[in-house]
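Biologist: Would you please take a close look at one buried polar side chain and then work outward from it? A connected account of its surroundings and of the rest of the chain would serve me best.

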Amino acid sequence: MKKLNTLLFSLLIAVSLQAQTADEIIPKPHFISYPSASKPFLVNASTVIFADKTFSDQAEYLSQAIEKQTGIRVTVSAFNPNSLIKKEKGIYLVHNSQLTNEKYRITIHAEKIGIEFEGVRGLINGIQSLLQLMPLEKQNNVSVKPVFIEDEPRFSYRGMHLDVVRHIFPVSYIKKYIDYLTFHKFNTFHWHLTDDQGWRIEINSYPKLNTVAAYRSETLIGHFKDQPAKYDGKKYGGYYTKAEIKEIIDYAAVRGINIIPEIDIPGHSRAAIAAYPELSTRPDTSWKVATTWGMYNRQNNVLAPTKASFEFLEKVFSEIADLFPSPYIHVGGDECSKIWWKQDPLTQAFMKSNGIKNETALQTYFIEYVAKLLKSKGKQTIGWHEINEGDLDTSTIVMNWGTDKQAIEAASKGFSVINTPGKPFYFDHYQSLDPKDSLAIHGYNPLEAVYRYNPVPKSISDKGLDTKIIGGQANVWTEYMENEKKVDYMIFPRMTALSEVLWSKPEMLNYADFLKRLKSNAIPRYTFWNSSWFNNFIIWDLSKATK
């Protein structure tokens, strides 16, 4: 079997050494046509990329990407698009204000490659398709076949999430993860930075978030449900400095990726109250950073509605808003245990004096307090679907990790919804039912389930709520992903499938065709990136789901 797999992957890599055709691009473009007769464009050391200075960073990114992929270093030259010398051979990055922000056009013939775009994201999308038309092989000359492509995404929001709380990853891997998103034409990186198990971002106004909240005493060995649960007894933690975060933000900006930070409140705050007990409903208690997931109604992890807590929220979210250029900030809001508020006399007194009728309304009070602050700073709030349990202002965006029911509920109230259902968009779930497979949370979300899921299900369409679904996302919770290779193994090839689901029109989706392109185009990329992936995706399909 090992010899067969080795032979298979050798063949796949061999295929990748030849220039691809546009029919192999992932995600699948909306429109492709081939000229009846034309010679290919030849890329070599004399090739020049022409770009307006506004997009010089992206032109340099393209030059570096071509060199990394083929070994050919092409030069970059600035030009004024109003005085373009049309006879000069080269790759032209041409701004076209008539296009929408993420739409692009590629025209390739013997003398020129042209990428038309309106915004940075459209240019980056076009660059990714162009790179897929070139081989993954060091050579002196690369022939790119003539073609015309016109393409744009189905959804405006296309995201991938990464939890760095359960396990933290180096800056180099965060950049690599952003490169994964870029290749697949996602536009959003949802960065889960705080939770019960740690606080992963530098906050100047509350330094103990980094000296205390960023570290836990031990980490799970084996599954949470194992009895008894086992731990490694080793201190674990760390955080990203603001300088590191700015470096990552700049890296993402060149690639057109928006980074949405998540600071999870008012529940999932155990790490914060371990550092500052005065934020809790039991300020006289010494708390420890959580060492396990599954905290709901089991361990106190909520903020108390006190002056200290609201001052904390104001200072922390002000620092977050000032640091991240993203128009969106994620406030979590999920799995907020109400029992700790019910048991606390001071919380009950606060609710009574402020006319808050129940604990669900108190949860809404917290969310709206932060949303108002963020709005004053020009930001829009996103939260998990539980924020919709109360009477919340519909300017907040709901991220649904539940079922169609929760999506319909939020959309019916007027919320814009990002659909990220646990089934099948949680990539921490198993992708096989093999008991020997690498440890995961629970559930079965195979590749085929990801590809066949429509982020606008029929139940939503039937109610005329299609336009309220603005996009989708996959979530990657890293309780059992202790290193980069395990993250790669869990996201690939499911991330590749998701990219096409969120980009291409539903009528263009074809699973058999996708599998062919996965093998000829995507898997050689995983190898090129030195990434791991789950390779038994053919065996473990939807037919196994009921067994």
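Modeller: In this predicted model, a polar atom of the Ser63 side chain lies 2.7 Å from the backbone oxygen of Val74. Ser63 belongs to helix H2, which spans residues 56-70. Its relative accessible area is 0%, and Ser63 is therefore buried. Beyond the residues up to four places away in sequence, Ser63 touches Val74 and also Ile49, Arg73 and Val76.

The next topic is the open sheet. Seven strands make up this sheet in the order S1-S9-S6-S7-S5-S3-S4, and their pairing is mixed. Its edges are strand S1 (31-33) and strand S4 (75-78), each of which pairs on one side only. On average, neighbouring strands of the sheet are turned by 15° against each other, direction ignored. Within it, strand S5 (residues 90-95) and strand S7 (residues 112-117) run in the parallel sense and are joined by six bridges; Leu93 stands opposite Ile115 of S7. Helix H3 (residues 120-132) packs on this sheet, where it touches S5, S7 and strand S6 (104-108), and its direction makes about 40° with that of S6.

Lys145 is found in the loop that links strand S8 (142-144) to strand S9 (147-151). With a relative accessible area of 47%, Lys145 is partly exposed. Not counting residues up to four places away in sequence, Lys145 touches Thr21, Pro40 and Ile108. Lys145 and His109 are 36 residues apart in sequence, yet their C-alpha atoms are 7.5 Å apart in space.

A second sheet closes on itself. Eight strands form this closed barrel, in the order S10-S11-S18-S19-S20-S21-S22-S23, and the pairing is parallel. Neighbouring strands of the barrel are turned by 30° against each other on average, direction ignored. S22 pairs with strand S23 (residues 469-474) in the parallel sense over three bridges, and Ile418 has Gly471 of S23 as its bridge partner. Helix H11 packs on the barrel sheet and touches strand S18 (258-265), strand S19 (328-332) and strand S20 (380-384); the direction of H11 makes about 165° with that of S19.

Helix H17 lies across strand S10 (157-163) and S23, running at about 150° to S10. Ten of the ten residues of H17 (residues 494-503) are buried, so H17 is largely enclosed by the rest of the structure. Among these buried residues are polar ones as well as nonpolar ones, including Arg494, Glu500, Leu502 and Trp503.

Helix H12 (residues 404-413) has four buried residues, namely Ala407, Ile408, Ala410 and Ala411. Their cover includes strand S21 (397-400), strand S22 (417-419) and helix H15 (458-461). Just after H12, Gly414 takes a positive phi of about 110°.

Helix H10 (residues 345-353) buries Thr347, Phe350 and Met351. These three cover an arc of only 100° around the axis, which puts them on the same side of H10. An α-helix has 3.6 residues a turn, so residues three or four places apart point the same way. Pro345, Leu346, Lys352 and Ser353 are exposed on the other side of H10. Among the elements that cover the buried residues of H10 are helix H8 (307-323), helix H9 (339-342) and helix H11 (359-376). Gly355, just after H10, has a positive phi of about 65°.

A further buried polar residue is Asp195, in strand S12 (residues 194-195). Asp195 counts as buried because its relative accessibility is 3%, against a limit of under 20%. Its side chain makes a polar contact of 3.1 Å with the side chain of Arg166. Apart from neighbours within four places in sequence, Asp195 is in contact with residues including Arg166, Asp264, His268 and Trp477.

The nonpolar interior remains. The largest nonpolar core holds 117 residues, of which Met160, Tyr177, Trp191 and Leu209 touch the most other members. Beyond neighbours within four places in sequence, the contacts of Trp191 include Leu162, Val164, Ile174, Tyr240, Ile259 and Phe324. Another core, of 35 residues, lies apart from the largest one and has Ile72, Val74, Leu131 and Met134 among its members. The account thus returns to its starting point, Val74, whose backbone oxygen lies 2.7 Å from a polar atom of the Ser63 side chain.

How values were computed. Residues numbered from 1 in each chain as written. Predicted model: local features only at pLDDT ≥ 70, side-chain atom pairs only at ≥ 80, totals over all residues. Heavy atoms only, no water. Helix = DSSP H or I, 4+ residues; strand = E, 2+ residues; numbered from the N terminus. Buried < 20%, exposed > 50% of the residue type's maximum accessible area, 1.4 Å probe, protein only. Polar contact = N/O pair within 3.5 Å; in protein donor to acceptor, adjacent residues only side chain to side chain. Contact = heavy atoms within 4.5 Å. Pairing = 2+ DSSP bridges. Axes fitted to C-alpha atoms, helices over the stretch in contact; angles between N-to-C directions. Arc of directions from axis to C-beta. Core = buried A, V, L, I, M, F, W, Y, C linked by side-chain atoms within 4.5 Å.
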